[in-house]
Amino acid sequence: MNVIQLEKRIFWVALAFVMLLFGFAALAINVFHVGLPTCLTSVKPFQKGELIARSPSHYELHYVARMWRFEPKEVTVPAGSTVDIYLSTTDVTHGLILLGTDLNLMAVPGVVNYARVKFDQPRDYQLLCHEYCGLGHDRMAASLHVVEAASYRPQTAAPVGELPTDRRYQLLEAKECMSCHSLTADADLSPSFKGIYGRREKMSDGSMITVDDAYLRESILHPGAKLVDGYDDLMPVPTLTDQEVDEMIEYLKTIK
Ligand code: CUA
């Protein structure tokens, strides 16, 4: 066989493989309903996560990724529904992987990424961030529940609405305090704010202190000065006015 013939043969074999590839892609999309991720340039990045029902079997799910959580944190849809997932981020690049499905999206600042997933059977899914995005990356998760269509009750209020409306809470949010601290007992990354005022804490040097105004002020302005035992010196020094520090301390006193 001369070279020209061999080249022709290689060409046809390569073409056959390419056709096969497109054939499998078409099969995956049309028969197995594999969602292809798409970057949408026509949709403006959003700030609020929500589930919107387009019909009883078609939902639009807007996820917002931010350090270090997904909003909404908990979503329930009925089995048999098609869910259009839109992902946006308010800070750095995150990733979204829905374990147990082939959904894998990047959350890139300034754009909205999209994919469609069809949920046939009732099941609980976990959502994880798969792009290293900072200290709290490993606990950035959310859940999606698919329940029997007959027992499905539409959610009336978005879970995001549970956050306090207090102006001083919004100050803590604005200064990124809530990225690591929580109002619940959750204290993986840093001490919880729940019941913080008046709490007895063991320091990294073994001494005991009672959390009072002076300790809070010092810890806000000089985070590394006295560390609670078991935590590292990770908190950045915030830029705050005296009045803001006062407001934070007053608010922390109210979190029982
Ligand atoms: Cu968000 Cu990793």
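In this predicted model, the hairpin of S7 and S8 has five residues between its strands, and Gly100 there takes a positive phi near 95°. The two strands, S7 (residues 94-98) and S8 (residues 104-107), run antiparallel to each other and share four bridges. Across the pair, Leu96 sits opposite Leu105 in S8. Four of the five residues of S7 are buried, so the strand is largely enclosed by the rest of the structure.

S7 also has S10 as a partner, again in the antiparallel sense, this time over two bridges. Here Ile97 has Leu128 of S10 as its bridge partner. From S10 (residues 123-128) we can step on to S11, since these two strands pair antiparallel over six bridges. One of the links is that between Gln126 and Ser143 in S11.

S11 itself spans residues 141-147, and with six of its seven residues buried (that is, under 20% relative accessible area), it is largely enclosed by the rest of the structure. Besides S10, there is S5 (residues 74-78), which pairs with S11 in the parallel sense over five bridges. Ser143 turns up here too, as the bridge partner of Glu74. Ser143 of S11 is thus a bridge partner both of Glu74 and of Gln126.

Now for a spot outside the strands. Asp212 lies in the loop that joins strand S13 (208-210) to helix H3 (213-221). Its relative accessibility is 35%, so Asp212 counts as partly exposed, as the category covers values between 20% and 50%. Between the C-alpha atoms of Asp212 and Gly134 there are 30 Å, with the two residues 78 positions apart along the chain.

Zooming out, the protein has four helices and 13 strands. Its radius of gyration is 25 Å, well over the 18 Å from the globule rule for 256 residues, so the protein is more spread out than a compact globule. A box of roughly 85 × 55 × 35 Å along the principal axes holds the C-alpha atoms. Of the 256 residues, 36% count as buried. As for contacts with a separation of 6 or more, 59% come from residues 24 or more positions apart.

On the surface side, the accessible area comes to about 14,900 Å², and carbon and sulfur atoms make up 59% of that. The charge tally is 24 positive and 32 negative, and the mean positions of the two sets are 4 Å apart.

Notes:
Residues numbered from 1 in each chain as written. Predicted model: local features only at pLDDT ≥ 70, side-chain atom pairs only at ≥ 80, totals over all residues. Heavy atoms only, no water. Rg over C-alpha atoms; globule rule 2.2 N^0.38 Å. Buried < 20%, exposed > 50% of the residue type's maximum accessible area, 1.4 Å probe, protein only. Contact = heavy atoms within 4.5 Å. Areas by Shrake-Rupley, 256 points an atom, 1.4 Å probe, with all protein chains shown as cover. Lys, Arg positive; Asp, Glu negative; His and termini not counted. Charge placed at Lys NZ, Arg CZ, Asp CG, Glu CD. Pairing = 2+ DSSP bridges.
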